[in-house]
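User: Please take a close look at the salt bridges in this model. I want to know which residues pair, where they sit and how exposed they are.

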Amino acid sequence: MDFEGDYTIQVASNQRHSTNMDKACSDAMLNITREYTSVFQLKHKWEKDTPTLNLAPDFQRKLVWNNKQKSELVESVLLGIPLPLIYVKEDEDGVYMIVDGKQRLNALFGFINNTFPLKHLTILNDKNDKYFKELTPLEQNKIEDYSLTLYVIKAPTSDRITFDLFDRVNRGGTRLNNQEMRNALYQGNATRLINRLAEAPSFIQATENSIPSRQMKDRYIVLRFIAFFLWQKQITIDPDSNSNLEYMSNIEDFLGKTMRYLNRLGEDDPIFDYLENKFTHAMSLALLIQDKGGFRLPSKSGRKRPVNMAFFESFSYLLSHLHGSQKELSGIIKKAYSSLLHDRSYLDSLTRSIDSRNQTMMRYDIINQTINDLNLC
């Protein structure tokens with residue numbers, strides 16, 4: 001365990017066996033359509049000035065094909081052998097994000113662009129050492145006109161269902177957690193902000209360098225702070241309803257919608273500087289409580305516990321409201337810290353059903369009451 005609560009970043013397959021997952025998905029909709037296209041048409045989408053095909057989501061990070069694998073794929077196409085289905089998700093702008101099929105498309109596009117010659121072919125061995133430009137026009141056309149079958153995931157398909165599908169079609173490759181999938185799907189303003197904050201020295205120091213970048217666990221805990229901060233400030237607009245985003249116990253959709261909201265904003269929107277300033281300010285103040293345990297809960301055994309995720313995001317929200325020098329604020333912060341760690345309801349909300357609506361509302365009700373009691377609002 002890298003932090004208390006890291007089970008909430010589990011891979012989608014684990015969620016299918018939970019009661020909460022079954023309940024959340026009981027009336028969920030999977031909107032998926034089948035399309036037929038050619039290699040040439042997909043390559044055109046990828047190479048446009050504003051691409052409508054995104055190969056960046058790396059759902060099979062460790063399966064980087066070598067020249068032999070790529071050459072055998074081209075050989076299969078020349079032989080007319082059917083290729084497996086390709087899965088994509090269509091985003092709000094109509095851009096196709098590759099879920100399964102990235103290696104195949106990279107190989108075909110790369111060969112057409114003459115980035116590698118064919119090697120190690122055993123059937124069409126007369127094509128060995130040839131680049132695309134050296135094939136006959138008929139062979140070139142056969143590759144460019146080759147028909148591919150795409151399954152396109154469209155809205156409204158919830159993140160929980162989408163992640164579950166991603167996991168199903170990628171079980172032969174690297175098992176990714178939901179934050180890695182989310183980070184690939186919602187690239188843009190949101191991921192740039194999250195990456196900056198996760199790499200901020202103040203965050204690394206405040207969490208005692210204990211939240212690993214491995215599997216994007218640091219990105220996950222940063223995103224949760226951003227999402228709950230914006231939600232408490234009633235800033236986030238639900239991209240689907242165009243009303244204030246509500247929290248209804250579905251953490252995957254909540255985090256995904258937060259990222260979609262941030263991606264819709266202009267790159268120069270002041271919200272990004274605002275969030276970065278609030279976050280780094282809270283992290284700098286968190287150093288004042290490290291001698292008390294930092295974002296770790298007390299341990300009866302005396303052993304140091306991991307950073308608690310819900311404590312991190314909610315107490316950081318409180319810290320973000322403080323103004324003044326560290327010397328002036330030291331006593332206030334330690335008073336609030338002690339008060340919260342003696343509040344049974346608050347502690348319960350940090351350790352049991354932490355993502356349920358009731359526990360989340362209770363946690364932030366207590367935090368907001370503490371802010372009011374300390375005259376920090």
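Analyst: Here is a walk through three salt bridges, followed by one helix contact.

The model is predicted. A search of the whole structure finds 24 salt bridges. Side chains of opposite charge can pair when their charged atoms come close.

Start within one helix. K43 pairs with E47 in a salt bridge. Their closest N and O atoms are 3.0 Å apart. Both residues belong to helix 3, residues 39-47. They are four residues apart, about one turn of the helix. What is the accessibility of K43? K43 has a relative accessible area of 10%, so it counts as buried, the cut-off being under 20%. E47 has a relative accessible area of 40%, so it is partly exposed. This bridge therefore joins a buried lysine to a partly exposed glutamate.

Next comes a pair that links separate parts of the chain. R219 forms a salt bridge with E199. Here the closest N and O atoms are 3.0 Å apart. R219 lies in helix 11, residues 217-232. E199 lies in the loop between helix 9 (189-198) and helix 10 (201-206). The pair therefore ties together parts that are 20 residues apart in sequence. R219 is buried, because its relative accessible area is 11%.

The third pair is D240 with R260. The closest N and O atoms of this salt bridge are 2.8 Å apart. D240 sits in the loop between helix 11 and helix 12 (251-264), while R260 is in helix 12 itself. So this pair, too, ties together parts that are 20 residues apart in sequence. How exposed are the partners? D240 has a relative accessible area of 51%, so it is exposed, the cut-off being over 50%. R260 has 16% relative accessibility, so it counts as buried. D240 and R260 also belong to one network of salt bridges that share partners. Its members are E92, D238, D240, K257, R260 and R264.

Finally, a helix contact with charged residues in it. Helix 4 (residues 67-79) packs against helix 6 (residues 137-144) at an angle of about 100°. Their axes are 9 Å apart. The two helices are therefore roughly perpendicular to each other. Helix 4 contributes V74, V77 and L78 to the contact. Helix 6 contributes E139, K142 and I143. Four of the contact residues are nonpolar, two are charged and none is polar.

Notes:
Residues numbered from 1 in each chain as written. Predicted model: local features only at pLDDT ≥ 70, side-chain atom pairs only at ≥ 80, totals over all residues. Heavy atoms only, no water. Axes fitted to C-alpha atoms, helices over the stretch in contact; angles between N-to-C directions. Parallel < 35°, antiparallel > 145°, perpendicular 65-115°, else oblique. Contact = heavy atoms within 4.5 Å. Nonpolar A, V, L, I, M, F, W, Y, C, P; charged D, E, K, R; others polar. Salt bridge = Lys/Arg side-chain N within 4 Å of Asp/Glu carboxyl O. Buried < 20%, exposed > 50% of the residue type's maximum accessible area, 1.4 Å probe, protein only.
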